Amino acid sequence: MPTPDPEPLVVYGPANLDYDFGLGHPFTPRRFGPGIDLLRELGANPDAFAPPEPVPDDVLATVHTAPFLGSIHRLSEYPELAAHEAVTDGDTPPFYGMDQAAASVVGGTVGAMERILAGERTHAFHPGGGLHHAFPGRATGFCVFNDLAIAIRRARDEGHRVLYLDVDAHHGDGVESIFWNDPMVQTVSFHESGLSLFPGTGWVEDCGGHDARGSAVNIPLELGTSDGSWLEAIELVAPVVAAAFRPTLLVTQNGCDSHALDPLANLHISTRAMSRVARLFDELAHRHTGGRWLATGGGGYDVYRVVPRAWALVWLAQAHREVPGSTPRRWQERWAGEAAAHHAGPPPREMLDPLGSTQAESPRIAAENRLTVSRALEHTLQVIDGY
Ligand SMILES: [Zn+2]
Ligand SMILES: [Zn+2]
């Protein structure tokens, strides 16, 4: 196990709570209550927390277009003009103050990146970041500004070769498209197939633009995929791509809507598998990037049963700490009432879902996924060829 770093930086502050599409929206800031509380209970030092601050327009403009930024500012003052401005989708409804709230999400991720680039920290985690669906001129899939792409561009402009690994259940379409033609940024997305899930993209043959063949890798997995082939895909592909690409900095999107209990996607992943993946990311960072690893959250819509544990597993991997057998009893007790009030499942006792807790995948699903992985690995040969 690598030598302990100073504690990983955790980005969290009141501004994270302002990113709120309103009552009944699945991407709720309620997740920060039980999520951040679990990190603290597990030993994250509140002094190691950095609050996100909004970034100015010139930083947003490194990825987003000027007309789009103008529209978002207008919508943040007059949300009722959504149809008129036509830059947001129905799942990403404008709200008053949206521009500042979204600029703070960017500030959290970019601020963490700056600390890594300055050599102050090697590992950092922004649970409220990871808005991978935002495009230069379009807000979609709950994502207004693309904090990941803006932070990656900052690192890339300092000469870093950035490896981006995305294990959210949804295809990391925004980040992929922004760096589609950029050989300095290698994106890899493991997601539920676009046949069954938003955004409907991320096919195995999509592997980067003319000037950067192989710089995108896509692993679309079958609806109903569980731990077996999810882990097989990630544990086979991520190390091979990393070895071929030779990154100097790792960025990961650790969305946890891949979990079996998640209401929006159809993968059947356990926290046991998520923990293995977080530890693999840590290993890859120490093997290839001098430890430089910026992790974000992302999707994850089971507020009490999944999101807090998934975040905790990323933090524990970054802190090089063992995963405790159970969640702290005080944490369970503190959030049980709020979960019940929202008719949500209660905070679980186990950190790692018991073996066999998610349904086994059928031989057909396993075979389809294996074929997808082998086809994706062929594309990674282009990565090797390309560099
Ligand atoms: Zn580490
Ligand atoms: Zn997602």
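Which element gives the most to the lining of the largest pocket? The legends below take up this question and then turn to the zinc ion, in a model that is predicted.

**View 1. The largest pocket and the residues nearest its centre.** The largest pocket in this predicted model has a volume of about 250 Å³, and its lining is made up of 14 residues, among which Ser 193, Leu 195, Pro 220, Glu 222 and Thr 372 lie nearest the centre. Two or more lining residues come from each of strand S6 (216-221) and helix H12 (363-386), and H12 gives the most, with 4 residues.

**View 2. The lining of the largest pocket by residue class.** When the lining residues are sorted by class, 7 are nonpolar, 3 are polar and 4 are charged.

**View 3. The zinc ion (ligand 1) and its protein donors.** The zinc ion (ligand 1) has as its protein donors His 123 (NE2), Asp 282 (OD), His 286 (NE2) and His 320 (NE2), which lie 1.9 to 2.0 Å from the ion. The arrangement is tetrahedral because the 4 donor atoms subtend angles of 93 to 124 degrees around the zinc ion.

**View 4. The donor residues along the sequence.** The spacing of the residues that donate to the zinc ion (ligand 1) is H-x158-D-x3-H-x33-H in sequence. Asp 282 belongs to helix H9 (residues 271-288), whereas His 320 sits in the loop between helix H10 (307-318) and helix H11 (329-341), so this pair ties together parts that are 38 residues apart in sequence. Both Asp 282 and His 320 are buried.

Technical notes: Residues numbered from 1 in each chain as written. Chains lettered and ligands numbered in written order. Predicted model: local features only at pLDDT ≥ 70, side-chain atom pairs only at ≥ 80, totals over all residues. Heavy atoms only, no water. 1 Å grid on protein atoms, 1.4 Å probe; cavity = no way out; pocket = protein on both sides within 12 Å on 5 of 7 lines; lining within 4 Å. Points joined across faces, edges and corners; volume = space filled by probe spheres on them. Nonpolar A, V, L, I, M, F, W, Y, C, P; charged D, E, K, R; others polar. Donors = N, O, S within 2.8 Å, 3.2 Å for Na, K, Ca; no water. Tetrahedral: all angles 85-135°; square planar, octahedral: opposite > 155°, others 65-115°. Buried < 20%, exposed > 50% of the residue type's maximum accessible area, 1.4 Å probe, protein only.
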